[in-house]
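Visitor: I'd like to learn how to read a structure like this one, feature by feature. Could you take me through it?

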Amino acid sequence: MSGMSRIVKTITNVAFPFVMIYGLYVIAHGHLTPGGGFQGGAVVASGLAMILVAYGSIWVVGKIKEKQLSVLESLGAIGFIGLAFIGIILLFFYSNYEGSFFKNFLIGQDTIPIFNEIGKGLANINTAGVLPFMNFAVGLKVIAGLFTIVLVMAYATRIKEGK
Amino acid sequence: MSGRNFAAIIFFAIFGIFLLFGALMMHPFGEFDEEHYPEMDQYIIDNTQEETGADNGVTSVVFDYRGFDTLGEATVLFTAVAGVILVFRRLKK
């Protein structure tokens with residue numbers, strides 16, 4: 001699929017930053033407002049798909065490779081599972097710590113007082129322990145995954161459209 | 001009628017009967033029921049801010065109380081991406 005007209009490209013350039021900021025806002029405020037990693041990641045991936053439609057898949061593939069996206073997605077998955085495993089790993093260092101898989105180790109326990117101070121209070125951005133980090137990890141994974149799907153599909157069907 | 005169609009009709013009838021009974025046994029919407037009181041809903045509504053610190057109850061359920069389910073969802077997404085890349089790899093060249 002080659003690029004579209006200059007009008008479409010200009011409108012895309014204007015709308016793209018707002019879509020990005022809204023999606024990243026939904027990811028970052030996942031523990032406070034409706035939304036989260038999946039929803040915000042879908043919004044950001046929609047903005048990237050808009051770039052893909054306006055500029056054409058050949059131009060986008062020249063800028064970013066599918067392998068880089070798969071590295072990003074793997075980073076998100078490793079971050080998510082790593083945060084889940086830290087809840088277990090802390091068991092080896094603290095004898096009176098009650099941990100399990102997917103334990104929210106930054107809040108709700110008195111064994112490690114430094115961690116517990118971080119997540120106190122309500123309606124602040126630095127509350128909820130590990131939930132914002134998990135939102136970031138899942139958001140990265142969803143952005144990279146959905147954009148990889150759209151990019152690979154668009155680039156594979158470019159021959160029929162004519163270069 | 002072939003055997004395959006007959007089996008499909010039988011299966012559809014059993015499935016429809018299950019759906020019908022399920023719809024009939026549902027308790028009315030919004031009605032307070034002592035017998036089937038949703039303890040878990042009330043527990044999450046009462047304790048989510050205390051236990052997880054999150055204002056958004058849905059996020060606290062998805063990432064904290066039921067984090068294992070989200071891990072499965074992430075695996076589904078990974079499988080979808082892997083399948084799409086696998087299918088379209090031949091067309092790329």
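**Reading the two chains**

Guide: Let's start with one residue: Val76(B) is exposed, because 10 other C-beta atoms lie within 10 Å. Keep in mind that this is a predicted model.

Visitor: In which helix is Val76(B) found?

Guide: Val76(B) belongs to helix α4 of chain B, residues 67–92. Here is a feel for distances too: Val76(B) and Arg66(B) are ten residues apart in sequence, and their C-alpha atoms are 16 Å apart in space.

Visitor: What about Ala84(A), buried or exposed?

Guide: Ala84(A) counts as buried, because it has 21 C-beta neighbours inside 10 Å and the cut-off for buried is 20 or more. Ala84(A) sits in helix α4 of chain A.

Visitor: Which residues is Ala84(A) in contact with, leaving aside its neighbours within four places in sequence?

Guide: From chain A there are Phe101(A) and Phe102(A), and from chain B there are Gly67(B) and Leu71(B), once neighbours within four places in sequence are set aside. You can also look at Met134(A): it is 50 residues from Ala84(A) along the chain, yet the two C-alpha atoms are separated by 8.8 Å.

Visitor: Let's step back to the chains. How many helices and strands does chain A have?

Guide: Chain A has seven helices and zero strands, so its pattern along the sequence reads α-α-α-α-α-α-α. Chain B has four helices, again with zero strands, and its elements run α-α-α-α from the N terminus on.

Visitor: And what share of each chain counts as buried?

Guide: For chain A it is 39% of the 163 residues. For chain B it is 16% of the 93 residues. Contacts in chain A tell you about the fold as well: among those with a separation of 6 or more, 65% are between residues 24 or more positions apart.

Visitor: How should I read a pair of packed helices?

Guide: Two packed helices are described by the angle between their axes and the distance between the axes. Try α1(A), residues 6–28, with helix α2 of chain A, residues 37–55: the angle is about 165° and the axes are 8 Å apart. α1(A) and α2(A) are therefore roughly antiparallel to each other. α1(A) passes α2(A) in a left-handed crossing.

Visitor: Which residues of α1(A) and α2(A) make the contact?

Guide: On α1(A) they include Val8(A), Phe16(A), Val19(A) and Ile27(A), and on α2(A) they include Gly40(A), Val44(A), Gly47(A) and Met50(A). By class, this contact has 14 nonpolar, eight polar and one charged residues.

Visitor: Where else in chain A can I practise on a helix pair?

Guide: Go to α4(A), residues 66–89, and α6(A), residues 131–156: they pack at about 155°, with axes 8 Å apart. That angle is why α4(A) is roughly antiparallel to α6(A). The crossing of α4(A) past α6(A) is left-handed. Among the contributors are Leu69(A), Leu72(A), Gly76(A) and Phe80(A) of α4(A), along with Met134(A), Ala137(A), Lys141(A) and Phe147(A) of α6(A). The class count for the contact of α4(A) with α6(A) is 15 nonpolar, five polar and three charged residues.

Visitor: And what does a pair in chain B look like?

Guide: Take helix α2 of chain B, residues 39–52, and helix α3 of chain B, residues 57–65: the angle is about 70° and the axes are 10 Å apart. So α2(B) is roughly perpendicular to α3(B), and their crossing is left-handed. The contact is made by Ile44(B), Ile45(B), Thr48(B) and Thr52(B) of α2(B), with Gly57(B), Ser60(B), Val61(B), Asp64(B) and Tyr65(B) of α3(B). By class, that comes to four nonpolar, four polar and one charged residues.

Visitor: How do I read the place where the two chains touch?

Guide: The size of an interface is often given as the accessible area lost when the parts come together. Here we can count residues: 32 of chain A are in contact with 25 of chain B. α4 and α6 of chain A each supply at least two residues of that side, and α6(A) gives the most, with twelve. The side of chain A that touches chain B has 19 nonpolar, eleven polar and two charged residues.

Visitor: Where in chain A is confidence lowest, and where is it highest?

Guide: Helix α7 of chain A, residues 158–161, is lowest with a mean pLDDT of 59, while α1(A) is highest at 91. Chain A averages 80, and 83% of the residues score at least 70.

Terms used: Residues are numbered from 1 along each chain as its sequence is written. Chains are lettered from A and ligands numbered from 1 in the order in which they are written. This is a predicted model: local features need pLDDT of at least 70, side-chain atom pairs count only at pLDDT 80 or more; totals for chains, interfaces and linings use all residues. Axes are lines fitted to C-alpha atoms, for helices over the stretch in contact, and angles run from 0 to 180 degrees between N-to-C directions. Angles under 35 degrees count as roughly parallel, over 145 as roughly antiparallel, 65 to 115 as roughly perpendicular and the rest as oblique. A crossing is left-handed if the near helix is turned anticlockwise from the far one by less than a right angle, and right-handed if clockwise. Two residues are in contact if their C-beta atoms, placed from the backbone, lie within 7 Å. Ala, Val, Leu, Ile, Met, Phe, Trp, Tyr, Cys and Pro count as nonpolar, Asp, Glu, Lys and Arg as charged, and the others, Gly among them, as polar. pLDDT is the predictor's confidence in each residue, from 0 to 100. A residue is buried if 20 or more other C-beta atoms lie within 10 Å of its own, exposed if 12 or fewer, and partly exposed in between; C-beta atoms are placed from the backbone.
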